[in-house]
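Here are my notes on the model you sent round. They are set out as numbered points, to be read with the structure open.

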Amino acid sequence: QITTLINHKDKPKRSDKTLQAIQRVGQAVNLAVARFVTVGEAIADENHELKAEMNVACIEAKRAGETIAQLTDVASLYHPESDSHITIFTDKTGIVKAARLLLSSVTKVLVLADRIVIKQIITSRNKVIATMEQLEKVSTFQEFVQIFSQFGNEMVEFAHLTGDRQNDLKDEKKKARMAASRAVLEKCTMMLLTASKTCLRHPDCESARINKDGVFHQMRLALEQVIEIVTDSRSNGENELASISIYSGIRVFKNKVEGLRENLYFLSKENLSTMLEVILEHTEDFTDSAYTSHEHREHILELSKQAKMELEQLFSVWMQAQNQKTKDLMEDLEVAILKMCQCMNELKRELHTAATSLAADLLKYHTDHMVLKALKITGVEGNLEAIAEYTCKLSEQKEQLVEMCRLLRHVSGTEPLEITCIHAEDTFQVTGPQIISAAETLALHPSSKIAKENLEVFCEAWESQLSDMSTLLREINDVFEGRRGEKRVYLSLPRPGKHNTNLKALKPVKLDTEEQAKIAKLGLELHLLTCEVDSETEKWEDQENKFVQRVQGMSSMAYSMYLFTRGEGLLKTTQDLFHQAEIFATEGTKLASAFHDFSDQLHDDGKPLLLLESEKLIPMCQQLQITAKTSAQGKSATFTKVDACIQRTRNVMTLLCQLLPLCCRLLRKNRVGNSCLKPAPPWKENRAQTGTNAQCSERTDEMLGLKSLENHVTNTTFLEHG
């Protein structure tokens, strides 16, 4: 609204409609500021140490809002005698000053409010730690129950505060770290209960004490990490993260190599050589691992050797091209760049296959939880010799799973997934010994119900982490298939009880084979389109660009619909799907407006084509919105509605696949977006991609495995009104 006022163009003739619109905008700004100030003042009243600063900022904001309302009060223009009255038309600098004051004061209020939230989280953490210290020292059950009740309430408050903070975080890396820490605290709360009870029941048992101490230590580490994230303090682990992942190293290395097309002098041979050495050093984690197959090890070593050779060849051509830029030499350089990048892609694929095949095999092998079952049985029997035997097996299993997490971390593809791998590795490292100490306690006290319950809790945590690894493996594979990988969880997505108020009137139904095949095929087509859209958006260097973020957001929503067709993801029922389709349509309508604004930057013959094509978005999105809001009764109608929603979403994504390359082309021609676009990919890659897209409609079923996905669709919950 403020931007609208500042950008308003002075015209000699002003219609009544224009005058009224300006006045409405000014009044709306003043009203919004008044509401904002009311909240700020309420916060100030509750926090006396910041009350003075907050009140000053609120007064400034209120004054700015009132000034804007006065300057946009154009009623006086109807009366000639009030010519002396200052308005937006007579003093535009006044509106600019007022807007600056408003933005400055609002920012102050927000910063102060943020400081208060951080203080609340720190205070809550301090309460939790103080109560934990009391819990560690209790000697009677009665005292423990009383203090644990208080501890539970404090943990609930801390969970609410940190959950809200997690949703507010913009940095995906911090968000993932916060989620991991909160997951540890959630699981440890139950562990702390049973471990403490076991220690109270068996105060002289050393293994019970070790078990309890381990839980308290784990909780303290998680609490400290939350505070690090909230206060934005850096930890050593966070600084090391980027340097450890092979994928991130390969990505940076390839970007540097491809940059030689634009500039032959922007980096040195030594720089490139060092980067490759670091990548190849990290591949030793695979070749030195006892769990990497002989075949994978040989392929990795062979590709590492080839990478060194390709780099030497690149150096040779590169040095010649620096001395003499002939057409032949530049063509040779292009070939050398392509070969170098192709070799790194093959190495990346081999590492991915080695890590994910190991993970799949291990998860399948350990899915029966035989060692955990044996520990429970032998513990109840009090068989210490058998316990020793099975704890050795569990330790071996732990080492395998820890190694799996380390290798997966290298190929995870995104920082949030890397952090999830680190969290999984830490969980196996810590939970393994805790299960062993809990089993030893049970074996020493086989008739103890509390010791048995304690072992159950730790075994459940282990099983839960194994289950989470299956989900993580799927996400890593999705990233490798071409997804951006940072799956955004939209606050607008349905939550239990929020949108499904009539779930009692709904019942699940199953689709027949033909319907399953149709939905699966549509989902695959949608998946292909999301990959193509993501590929186009990745050509923009400025990933913070709002235009790009809106397109990426729509692609993520379309991807969630594709996951729905597989019976996976956040959308669990058809009601969730329809709600997501409505949001997708709304975002599409906003995107059409963004395309229009984008075209205003252009001065080219292609501008009318962009406007013409982008205007097709509006009716497409309106049709999708109407379809999503139309009620459906019965299985047949519900299936038809699902089919229509996915088809219309696919149509929108198809149009985006046409519009995005057009935008890039027009920007390059107009020399407007050179700073925010990556260099165009080589023509050979373009040809290969075009060929693939041209054949995709004929080979979709074969290429992406339609038959195997039909099995996933049978798990999808379709709801009909009963």
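1. M344 counts as buried in this predicted model, because its relative accessibility is 0% and the cut-off for buried is under 20%. The residue sits in helix 12. Leaving aside residues up to four places away in sequence, M344 touches I250, F253, K254, L276, I279 and A307. One of these, K254, is 90 residues from M344 in sequence, yet the two C-alpha atoms are 7.8 Å apart.

2. M319 is another methionine to look at, and its place is in helix 11, residues 294-323. Is M319 buried or partly exposed? M319 is partly exposed, because its relative accessible area is 27% and that value falls between the cut-offs of 20% and 50%. M319 and K269 are 50 residues apart in sequence, with a C-alpha to C-alpha distance of 9.2 Å.

3. Helix 12 spans residues 327-365 and helix 13 spans 370-381. In the loop between these two helices lies H369. Its backbone deserves a look: phi of H369 is near 55°, a positive value in a residue other than glycine.

4. On aromatic contacts, the count comes to five pairs. In one pair, F428 and W462 meet edge-to-face, with 5.1 Å centre to centre and 70° between the planes. The pair links distant parts of the chain, since F428 belongs to helix 15 and W462 to helix 16, 34 residues apart. Both partners are covered by the protein: F428 is buried at a relative accessible area of 0%, and W462 is buried at 1%. Elsewhere, F144, F148 and F151 form one aromatic cluster.

5. How many cavities of 30 Å³ or more does a search of the whole structure find? The search finds two. The largest cavity holds about 80 Å³ of space. Three elements give two or more residues each to its lining: helix 6 (172-201), helix 15 (415-444) and helix 16 (449-480). Helix 6 gives the most, with five residues.

6. The residues that line the largest cavity are A183, V184, K187, C188, M191, Q218, H423, T427, T431, Q434, A461 and Q465. By class, the lining has five nonpolar, six polar and one charged residues. The charged one is K187, because Lys counts as charged. Helices 15 and 16, which contribute to this lining, also carry the aromatic pair of point 4, F428 in helix 15 and W462 in helix 16.

7. For the overall picture, the protein has 24 helices and two strands. Buried residues make up 47% of its 722 residues. Of the contacts with a separation of 6 or more, 79% are between residues 24 or more positions apart. The pair M344 and K254, 90 residues apart in sequence, is one of the contacts listed for M344. The accessible surface comes to about 36,300 Å², and carbon and sulfur atoms account for 52% of that area.

Methods:
Residues numbered from 1 in each chain as written. Predicted model: local features only at pLDDT ≥ 70, side-chain atom pairs only at ≥ 80, totals over all residues. Heavy atoms only, no water. Helix = DSSP H or I, 4+ residues; strand = E, 2+ residues; numbered from the N terminus. Buried < 20%, exposed > 50% of the residue type's maximum accessible area, 1.4 Å probe, protein only. Contact = heavy atoms within 4.5 Å. Areas by Shrake-Rupley, 256 points an atom, 1.4 Å probe, with all protein chains shown as cover. 1 Å grid on protein atoms, 1.4 Å probe; cavity = no way out; pocket = protein on both sides within 12 Å on 5 of 7 lines; lining within 4 Å. Points joined across faces, edges and corners; volume = space filled by probe spheres on them. Phe/Tyr/Trp six-rings, centres within 6.5 Å; stacked < 30°, edge-to-face > 60°.
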